[in-house]
Amino acid sequence: MLNVICAIIFFDEKILVVQRSDKMKLPLKWEFPGGKLEDGESESDCIQREIMEEINIEIDVIRKISNSIYDYGDFKINLIPFIARYASGEIQLAEHNDYKLLSKSDLLNLDWAEADLPIVAELLKMEQL
Ligand SMILES: Nc1nc2c([nH]c(=O)n2[C@@H]2O[C@H](COP(=O)(O)OP(=O)(O)OP(=O)(O)O)[C@@H](O)[C@H]2O)c(=O)[nH]1
């Protein structure tokens, strides 16, 4: 099983979501930025590294929320989400096709990677960070 860390990054009340490119696995699906945990790496180091590599910004990690295990058929993932706050830098996409800053109530309108759906549902229920 693949351990993937992702970040739900708040810019004030808005949340950053990114769209996979048509050349990636799960083409054009929306997800939270992140990536695979490397051997010996802490989850917190992993998410800060991935966000800098993919989005070019610094974040403050706040806390972990419930993980989501999903079997895509050809691979199975354990998706581990962290709530975070934007700290500094300008968004520049290295791999993704597009991004949006959305309020919580708009999240459900996207075509999400399946593994993200329980995470989006939990986020919608959350009263505060
Ligand atoms: N970063 C990220 N990955 C997710 C999410 N949801 C989800 O199913 N995934 C899947 O987790 C897998 C690992 O993420 P990745 O970004 O490191 O993988 P990748 O396919 O871009 O890289 P690869 O081509 O080297 O395998 C991807 O297949 C991706 O589709 C999510 O919210 N964020």
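A polar contact here is a pair of N or O atoms within 3.5 Å. Keep that cut-off handy, and remember that this model is predicted.

**Exercise 1.** Find out which side chains make polar contacts with the ligand, using Glu 31, Lys 36 and Asp 116.

*Solution.* Start with Lys 36: one of its polar side-chain atoms sits 2.7 Å from a ligand oxygen. That distance falls inside the 3.5 Å limit, so the pair counts as a polar contact. Next, try Asp 116, where a polar side-chain atom lies 2.4 Å from an oxygen atom of the ligand. Last comes Glu 31, which has a polar side-chain atom 3.2 Å from a ligand nitrogen. As for cover, the ligand on its own has 620 Å² of accessible area, and the protein covers 81% of it.

**Exercise 2.** Describe the surroundings of the ligand.

*Solution.* Begin with the space: the ligand takes up the largest pocket. Now look at which elements give two or more residues to the shell: these are β1 (2-11), β4 (34-36) and β7 (76-88). The largest share, three residues, comes from β4. Then sort the shell by type, and you get 11 nonpolar, two polar and five charged residues. Finally, of the 18 residues around the ligand, the ones that come nearest are Leu 26, Phe 32, Lys 36, Tyr 72 and Asp 116.

**Exercise 3.** Decide whether Ser 21 is buried or exposed.

*Solution.* First locate Ser 21, in the loop between β2 (14-19) and β3 (30-31). Its relative accessibility is 11%. Buried means under 20%, so Ser 21 counts as buried. One more thing to spot: a polar side-chain atom of Ser 21 lies 3.1 Å from the backbone nitrogen of Lys 23.

Key: Residues are numbered from 1 along each chain as its sequence is written. This is a predicted model: local features need pLDDT of at least 70, side-chain atom pairs count only at pLDDT 80 or more; totals for chains, interfaces and linings use all residues. Side-chain values use heavy atoms; hydrogens and water are left out. A residue is near a molecule or strand if one of its heavy atoms lies within 4 Å of it. A polar contact is a pair of N or O atoms within 3.5 Å; within protein, one must be able to donate a hydrogen and the other to accept it, and residues adjacent in sequence count only if both atoms are side-chain atoms. Accessible areas come from the Shrake-Rupley method with a 1.4 Å probe; for residues, only the protein chains shown count as cover. On a 1 Å grid over the protein atoms alone, a cavity is a set of points where a 1.4 Å probe fits but cannot get out, and a pocket is an open set with protein on both sides within 12 Å along at least five of seven lines; lining residues have an atom within 4 Å of a point. A molecule sits in a cavity or pocket if more than half of its atoms lie within 2 Å of its grid points. Helices (H or I, at least four residues) and strands (E, at least two) are DSSP runs, numbered from the N terminus. Ala, Val, Leu, Ile, Met, Phe, Trp, Tyr, Cys and Pro count as nonpolar, Asp, Glu, Lys and Arg as charged, and the others, Gly among them, as polar. Buried means under 20% relative accessible area, exposed over 50%, partly exposed in between (1.4 Å probe, protein chains only).
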